[in-house]
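Please look over the sequence and the model below. The report then takes the chain part by part.

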Amino acid sequence: MSTDSYATASRAADLAAPISLTAPSGIDREAHHRLDEAWLAAAWSHPTTRVFVVSGGQALIDDTPDGRTELVMTPSFEAPVTETHRYFLGTDADGVRYFALQKDALPGRMDQSARPAGLREAGLLLSPRDAGLLVHAVALENWQRMHRFCSRCGERTVIAAAGHIRRCPACGAEHYPRTDPAVIMLVTDDEDRALLGRQVHWPEGRFSTLAGFVEPGESIEQSVRREVFEEAGVTVGDVEYIASQPWPFPSSLMLGFMARATSAEIDVDGEEIHEARWFSREELRAAFESGEVLPPYGISIAARLLELWYGKPLPKPGELT
Ligand SMILES: [Zn+2]
């Protein structure tokens with residue numbers, strides 16, 4: 001692969017594997033219905049409507065006889081009673097409407113194979129439809145939990161718009177779900193080596209792309225350059241956007257980039273990043289095979305960025321002996 005290979009392979013469609021939580025879910029969110037209580041009540045009680053419970057970032061998932069994994073959903077008349085924490089998530093192409101209920105606990109398991117799962121596990125297993133529904137519900141739940149009080153006057157707020165607004169009864173303020181932009185970038189140098197770092201709290205051998213939050217008053221390109229310099233002491237020139245991924249842990253949106261270094265010397269900050277190294281493809285392959293570097297796993301866009309540079313699928317944990 002040439003040094004400029006990523007420039008020609010930069011569209012998300014060219015990524016060697018789909019990015020979890022990013023595929024089209026086929027759900028129309030129908031935001032224009034969120035303030036229409038009569039419409040919502042009719043949608044809720046319709047016999048084809050499907051409901052799942054979200055609690056602490058988890059929902060029940062189950063395996064199907066044909067080998068798939070699904071969210072456990074019920075008709076609304078079988079759903080546990082809820083007072084206010086009901087999120088309308090949207091409608092699929094068949095006209096089926098979906099709601100999530102935010103509860104303090106998940107319902108009892110209906111059969112042996114149903115089990116609670118968070119997005120990090122379920123995101124790898126569920127269909128794009130179910131993964132999209134779950135990521136929407138978890139993002140709303142996280143926001144609702146952390147924004148119970150008005151940031152303007154301190155009064156307790158109440159849920160509105162089928163989970164998408166919190167209103168303050170004292171001062172009238174309306175609060176909307178927030179998403180915190182974060183940048184994640186694979187930095188390459190003149191020799192087309194990739195810069196990977198190990199965070200202070202990560203286990204030995206786990207290396208990944210650098211990442212960080214966008215700061216107030218900063219463009220995302222500036223954020224990429226600042227984060228790379230702060231964490232690894234490397235200066236960055238060209239920055240190319242690749243793809244994004246919702247990351248509600250608790251409320252981020254990961255913006256994925258390829259970035260070109262204009263310096264090679266590494267000087268890690270020691271606070272966030274414990275160690276950073278340049279890897280050629282051959283060096284990374286050898287490090288995977290020797291066990292010095294652990295293959296990436298999980299749903300993060302980091303693995304997809306690395307794969308885009310690597311030029312072929314990365315080994316999965318357990319594939320190496
Ligand atoms: Zn207020």
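## The annotated stretch

Over residues 177–307 the chain is 23% helix and 37% strand. The C-alpha atoms at the two ends of this stretch are 32 Å apart. UniProt lists these residues, 177–307, as "domain: Nudix hydrolase", in an unreviewed entry. Keep in mind that the model is predicted.

## The whole chain

The protein chain has seven helices and 16 strands. Its C-alpha trace spans about 60 × 50 × 35 Å along the principal axes.

How does the radius of gyration agree with that of a compact globule? The chain has 321 residues, so a compact globule would have a radius of gyration near 20 Å. The protein chain has 22 Å, which agrees.

## Two domains

The chain is divided into two domains. Domain 1 is made of two pieces, 5–19 and 179–310. Domain 2 covers 34–146. The centres of domain 1 and domain 2, taken over C-alpha atoms, are separated by 33 Å.

The domains do touch: six residues of domain 1 are in contact with nine residues of domain 2. On the domain 1 side of this contact, four residues are nonpolar and two are polar. No charged residue is found on that side.

## A sheet of four strands

Strands of a sheet pair through backbone hydrogen bonds, either parallel or antiparallel. One open sheet here has four strands in the order 4-1-6-5, and its pairing is mixed. Its edge strands are strand 4 (74–75) and strand 5 (86–91). Each of these pairs on one side only. Helix 4 (residues 128–146) packs on the sheet. This helix touches strand 1, strand 5 and strand 6 (97–102). The direction of helix 4 makes about 150 degrees with that of strand 5.

Now take the pairs. Strand 1 (residues 50–54) runs antiparallel to strand 4, with two bridges between them. Here Val51 stands opposite Thr74 in strand 4. Strand 5 and strand 6 are also antiparallel, joined by five bridges. In this pair, Thr91 stands opposite Arg97 in strand 6. Strand 5 and strand 6 form a hairpin, with five residues between them. Gly95 sits in the turn and has a positive phi of about 85 degrees.

## A sheet of three strands

Another open sheet has three strands in the order 3-2-7, with antiparallel pairing. Why is one side of strand 3 and of strand 7 left without a neighbour in the sheet? Strand 3 (69–71) and strand 7 (115–118) stand at the edges, and each has a single partner strand, so one side of each is left free of a neighbour in the sheet. From one strand to the next, the twist averages 50 degrees.

Strand 2 (residues 58–63) pairs with strand 3 in the antiparallel sense, over three bridges. Across this pair, Ile61 stands opposite Leu71 in strand 3.

## Two backbone details

Most residues other than glycine have a negative phi, and most peptide bonds are trans. Two places in this chain deserve a look with that in mind. Leu21 is not a glycine, yet it has a positive phi of about 75 degrees. Leu21 lies in the loop between helix 1 (5–8) and helix 2 (37–45).

Which residues does a cis peptide bond join? They are Phe249 and Pro250, and omega is about 10 degrees. Pro250 has its place in the loop between strand 14 (236–247) and strand 15 (252–261).

How values were computed
Residues are numbered from 1 along each chain as its sequence is written. This is a predicted model: local features need pLDDT of at least 70, side-chain atom pairs count only at pLDDT 80 or more; totals for chains, interfaces and linings use all residues. UniProt positions are given in the numbering used here, feature names are shortened, and annotations may be inferred rather than shown by experiment. Domain bounds come from an automatic or database domain assignment. Two residues are in contact if their C-beta atoms, placed from the backbone, lie within 7 Å. Ala, Val, Leu, Ile, Met, Phe, Trp, Tyr, Cys and Pro count as nonpolar, Asp, Glu, Lys and Arg as charged, and the others, Gly among them, as polar. Two strands pair if DSSP finds at least two bridges between them. Axes are lines fitted to C-alpha atoms, for helices over the stretch in contact, and angles run from 0 to 180 degrees between N-to-C directions. The radius of gyration is taken over C-alpha atoms; the globule rule is 2.2 Å times the number of residues to the power 0.38.
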